[in-house]
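Q: Please take a close look at one helix of this model and what it packs against. Then follow the neighbouring parts from there, giving the cut-off behind each term.

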Amino acid sequence: MTKKNVVIVESDENYISSLEFLLATREEKGISLELITSVDYLKEYLAVSRRIDCLIIDENLLFDAVSRQQIGFLFVLSEHGNRNDRNAAAGNVEYVDKYASVKEIFHRIIGKLGLPADDRVKSTENVKKETTTIVVNSQLGGIGKTTVSFALAIQLSKLNRSVLYMSTDFLQRNHHLVGIHDSMGGDFDRSIKARDGIFLNYLDQMVTHFTFDYLMPWNGSRASIDLDENDYLYMIEEIRRTKRYDFIIIDTETGLDLFTLTLMSKCDHILEIIDQTRFAKMANLELKKELRTSERDKVTYICNKFNHRKDNYISEEVVEYVEERTIDRNNLLRALEVADLLKVTAMTLV
């Protein structure tokens, strides 16, 4: 395998030592690593036309000469955090928070280079790779459950994880948010009902590929195609057996019924999306009454649309606050990718 050429430019040697260690030890066979810490040497280095597969550079050292190089992908380490850039539209420039987790930056780099993460290499060698299932639920409508589901799928994908998103809404309509207008054919659901596994042969045709994979909606409501919670559990388990995905995100119907409770009982993690209102707190208390102790231990609470100027009734159980903001719904996935939501949650799951 031809090694990828990776260059790190950063004047603070202590800062890049951890990233250098991860890249050099965990991706030794896949990359050729070069470090530049001197500004004078950088100017000399850039005086010659070079081909670089991946350049990681401090924003303060982003000289004009950089644009004259042949760079496959450019990571700009910024003290201002993740932000959009006019060059990002070309798909080869990404601004990252300079003080983000080194592990996060590492996964982003190897993801862009198409290299397997170290733990994924080990799991492949050991034949067994577990797929983590995550149920995303909320007790109140309008909180942004689907937006959070998409944001989490994007963040996990940025960490070089393969992700499948599916909706279990009684009447599925989330696909319109991302411009999907097709639906799954009848052979797919008939195979699931028959428990014959043939639907796996059509899986590629039933998935729309974004940063993550989106399982297209059914051609009708759950009732009209007669799929229940056990059918979903069978489908999910069969997809897990393929070892194709690291994560399956299951975006459930708002509220709580037998269908959702069954999915919760079988999944690995439950993300409960709440807001800071008194109503959300009351709904959450009711949820806890319905969940068994083993299921309560799987719940992670995310407060969406948090506003510091409003009264706050949420409890200390919340692990991440998503600030209230305007999201461009005309290009939702791109807007969520730039907004960089749910980064903390994604890092805890990887």
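A: Packing of one helix

The buried residues of helix α12 pack against α5 (145-158). Here contact means heavy atoms within 4.5 Å, and buried means under 20% relative accessible area, exposed over 50%, and partly exposed in between, with a 1.4 Å probe and protein chains only. Helices (H or I, at least four residues) and strands (E, at least two) are DSSP runs numbered from the N terminus.

The model is predicted, and local features therefore need pLDDT of at least 70, side-chain atom pairs count only at pLDDT 80 or more, and totals for chains, interfaces and linings use all residues. Residues are numbered from 1 along each chain as its sequence is written, and side-chain values use heavy atoms, with hydrogens and water left out.

Helix α12 spans residues 332-339, and its buried residues are L332, L333, A335 and L336. Because they cover an arc of only 160° around the axis, they lie on the same side of α12. The arc is that of the directions from the helix axis to the C-beta atoms. Just after α12, D340 takes a positive phi of about 65°.

The partner helix α5 also takes part in the largest pocket. α5 gives the most to the lining of that pocket, with 3 residues. The volume of the largest pocket is about 500 Å³. The elements that give two or more residues to its lining are α5, β12 (299-306) and β13 (318-323). In total, 25 residues line the largest pocket, and those nearest its centre are I143, G144, K145, T146 and T147. By class, the lining has 7 nonpolar, 9 polar and 9 charged residues. Ala, Val, Leu, Ile, Met, Phe, Trp, Tyr, Cys and Pro count as nonpolar, Asp, Glu, Lys and Arg as charged, and the others, Gly among them, as polar.

Rolling a probe the size of a water molecule over the atoms shows where empty space is left. On a 1 Å grid over the protein atoms alone, a cavity is a set of points where a 1.4 Å probe fits but cannot get out, whereas a pocket is an open set with protein on both sides within 12 Å along at least five of seven lines; lining residues have an atom within 4 Å of a point. Grid points are joined across faces, edges and corners, and a volume is the space filled by probe spheres set on the points.

The structure also holds 1 cavity of 30 Å³ or more, and the largest cavity encloses about 40 Å³ of space. Its lining consists of M166, S167, Q172, M184, L215, M216, P217, W218 and Y232. By class, this lining has 7 nonpolar, 2 polar and no charged residues.

The loop between α5 and β7 (163-167) contains N160. N160 has a positive phi of about 65° although it is not a glycine. Its relative accessibility is 12%, so N160 counts as buried.

Strand β12, named above for the pocket, leads to β11. 5 bridges join β11 to β12, and the two strands run parallel. Two strands pair if DSSP finds at least two bridges between them. One bridge links I273 to its partner in β12, I302. Strand β6 (residues 132-137) and β11 also pair in the parallel sense, over 4 bridges, and E272 in β11 is the bridge partner of N137. Of the 6 residues of strand β11 (residues 269-274), 5 are buried, so the strand is largely enclosed by the rest of the structure.

Strand β12 also holds K305. K305 has a positive phi of about 60° although it is not a glycine. With a relative accessible area of 40%, K305 is partly exposed.

A second helix can be set beside α12. In helix α2 (residues 39-46) the buried residues are L42, Y45 and L46. Seen down the axis of α2, they fall within an arc of 90°, so they line one face of the helix. The face turned away from the buried side of α2 carries the exposed residues D40, K43 and E44. The cover over the buried residues of α2 includes β1 (4-9), β2 (31-36) and β3 (51-58).
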